[in-house]
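Biologist: I'm used to gels and columns, not coordinates. Could you walk me through how to read a model like this one?

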Amino acid sequence: YYGQRATNITDDVDVVVYTAAIHPDNPEFACAKEKGLPMLTRAELLGQIMRNYDTPVAISGTHGKTTTTNMMALAFSKEGINYLVGDGTGCGNKNNTYFALESCEYQRHFLAYHPEIAVITNIDLDHVDYYKDINDVVDAYTSYANLASKVVIAYGDDPYTRTMKLNKPVIYFGLSEKNDVRAENVVYSKEGISFTVKDYGHFNLPLFGHHQLLDALAVITVAKEENLPFEEVNANLKQFHGAKRRFTETKVGNNIIIDDYAHHPNEVKATIEAIKQKYPEKKLVIIFQPHTFTRTKEFAKDLVEVFKEADQSYILPIHPAREKQEDYKEVTSNLIIDNLSSAHAITIDEAKTLSQYDNTVFAFMSPNDISKLEQELKRLLEEK
């Protein structure tokens, strides 16, 4: 149904599933509660679904879990895999034995899951409206990892993954020699990344940025653990061309428009790194919408530092999401703009300001929908 009404909770409703966006004053939620219907959070439902599979794999991490889950769906495609990704994509076939689930750490949602294999791409401070500090985040990931019935697969060069006190076997992946699965002889080029995994094979993949190398290495580690043939994994990963709203490219003349979900400083840094690998000769203009007042307050200084890598940065007003401006009166986009000489304020209707550039990569970064600005810029560039 479009529109939330109590009348939608009819007598033939067996169970009600709700997301974190639904609050007790929602009319459907309130009606279901009053009727005493069984009610599950989305995470609880997914936890129950996971139990139906021989090999459920939960993929978590502060950054990279969407891309990694998409990569795993591709790498395991010949094995038969169901998957559900946070970007809204998924696949279901009752005969498949694998199930890969992007597992979000927000409000410890991933503690409702029952994975055989628990993957951790990295651990970083985020969701500062919920987590008190990095120790609180590590505690959540520790509890999540210990849910694995078989093995934990974690990024071993992360400063926090090795601090977790785990009671499960762990396989660490990364680039340093201390890891169990390592990428060696890594070469970055405008065509992608090539590297070798010892006792497995040599990969030459259309990936850009150090972060995508690590995402692929996480998937390769799972595949190696599950004894998938190298030739199969390599061939499948060669078909990877990005997840939804992760480095999505549109070419307009000699300009490139990139749409990306990045909103944390480390994600922005990773996207800039990928752009500079693929388009080293082009000017870089960033268009960024900060996401939530708490994130902006916590990470403004870090964002200023990463934006220094761009030629120019244009900052939209903060998207409040679940927060209210009146609770954070002193927090605005000016926390970034006033501390960076190459930063400028922009609104969703000011695409003409951006159309002055040529031979440029325009990197739109936000978890929110700022496609109106992107599309108008595309139109103006096409008219040049």
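Biologist: Let's start simply. How many helices and strands are there in the protein?

Modeller: Before counting, keep in mind that this is a predicted model. The protein has eleven helices and 18 strands. Its radius of gyration is 22 Å, close to the 21 Å that the globule rule gives for 384 residues, so the protein is as compact as a globular protein of that length. The C-alpha trace spans about 60 × 55 × 40 Å along its principal axes.

Biologist: What share of the residues is buried?

Modeller: Of the 384 residues, 54% are buried; the cut-off for that word is under 20% relative accessible area. On the outside, the accessible surface comes to about 17700 Å², and 48% of that belongs to carbon and sulfur atoms. You can also ask how far along the chain the contacting residues sit. Taking contacts with a separation of 6 or more, 64% are between residues 24 or more positions apart.

Biologist: Okay, helices next. Which residues of helix α1 are buried?

Modeller: A general idea to begin with: an α-helix has 3.6 residues a turn, so residues three or four places apart point the same way. Now the case here. Helix α1 covers residues 27-35, and its buried residues are E28, F29, C31 and A32. Looking down the axis of α1, you find them within an arc of 165 degrees, so they line one face of the helix. K33 and E34 are exposed, on the face of α1 turned away from the buried side.

Biologist: What covers the buried residues of α1?

Modeller: The cover includes β1 (16-18) and β2 (39-41). Have a look at the ends of the helix as well. N26 caps the N-terminal end of α1, with a side-chain oxygen 2.9 Å from the backbone nitrogen of E28. After α1 comes G36, with a positive phi near 70 degrees.

Biologist: And helix α6, how many of its eight residues are buried?

Modeller: Six of them, so to speak a mostly covered helix, running over residues 230-237. The buried ones are F230, E232, V233, N234, N236 and L237. They pack against α3 (65-75), β12 and α5 (210-225).

Biologist: You mentioned β12. In what order do the strands of its sheet run?

Modeller: To read a sheet, go from neighbour to neighbour. Ten strands make an open sheet in the order β5-β4-β6-β3-β7-β8-β9-β10-β11-β12, with mixed pairing. The edges are β5 (90-91) and β12 (201-205), each of which pairs on one side only. For one pair inside that order, take β7 (residues 117-120) and β8 (residues 151-155): they pair in the parallel sense over four bridges. V119 stands opposite I153 in β8.

Biologist: Now strand β14. Why is it described as largely enclosed?

Modeller: Six of the six residues of β14 are buried, so the rest of the structure largely encloses it. When you read a strand, check each face in turn. One side of β14 has N255, I257 and D259, the other has I256, I258 and D260, and all of these are buried.

Biologist: Which strands pair with β14, and in what sense?

Modeller: Strand β13 (residues 248-252) pairs with β14 in the antiparallel sense over five bridges. V252 has N255 of β14 as its bridge partner. The two strands form a hairpin with two residues between them, and G253 in the turn has a positive phi of about 65 degrees. Strand β18 (residues 360-365) pairs with β14 in the parallel sense, also over five bridges.

Biologist: Let's zoom in on D260. Is it buried or exposed?

Modeller: D260 counts as buried, because its relative accessibility is 7%. D260 lies in β14 and stands opposite M365 in β18. Its C-alpha atom is separated by 7.3 Å from that of A363, 103 residues apart along the chain. The D260 side chain also makes a polar contact with the side chain of T271, at 3.3 Å.

Biologist: One last acidic residue, E374. Which residues does E374 touch?

Modeller: Leaving aside residues up to four places away in sequence, E374 touches I257, D259 and F364. E374 sits in helix α11 (residues 371-383), and with a relative accessible area of 9% E374 is buried. Two of those partners, I257 and D259, appeared on one side of β14.

Definitions and conventions. Residues are numbered from 1 along each chain as its sequence is written. This is a predicted model: local features need pLDDT of at least 70, side-chain atom pairs count only at pLDDT 80 or more; totals for chains, interfaces and linings use all residues. Side-chain values use heavy atoms; hydrogens and water are left out. Buried means under 20% relative accessible area, exposed over 50%, partly exposed in between (1.4 Å probe, protein chains only). Contact means heavy atoms within 4.5 Å. A polar contact is a pair of N or O atoms within 3.5 Å; within protein, one must be able to donate a hydrogen and the other to accept it, and residues adjacent in sequence count only if both atoms are side-chain atoms. Two strands pair if DSSP finds at least two bridges between them. The radius of gyration is taken over C-alpha atoms; the globule rule is 2.2 Å times the number of residues to the power 0.38. Accessible areas come from the Shrake-Rupley method with a 1.4 Å probe; for residues, only the protein chains shown count as cover. The arc is that of the directions from the helix axis to the C-beta atoms.
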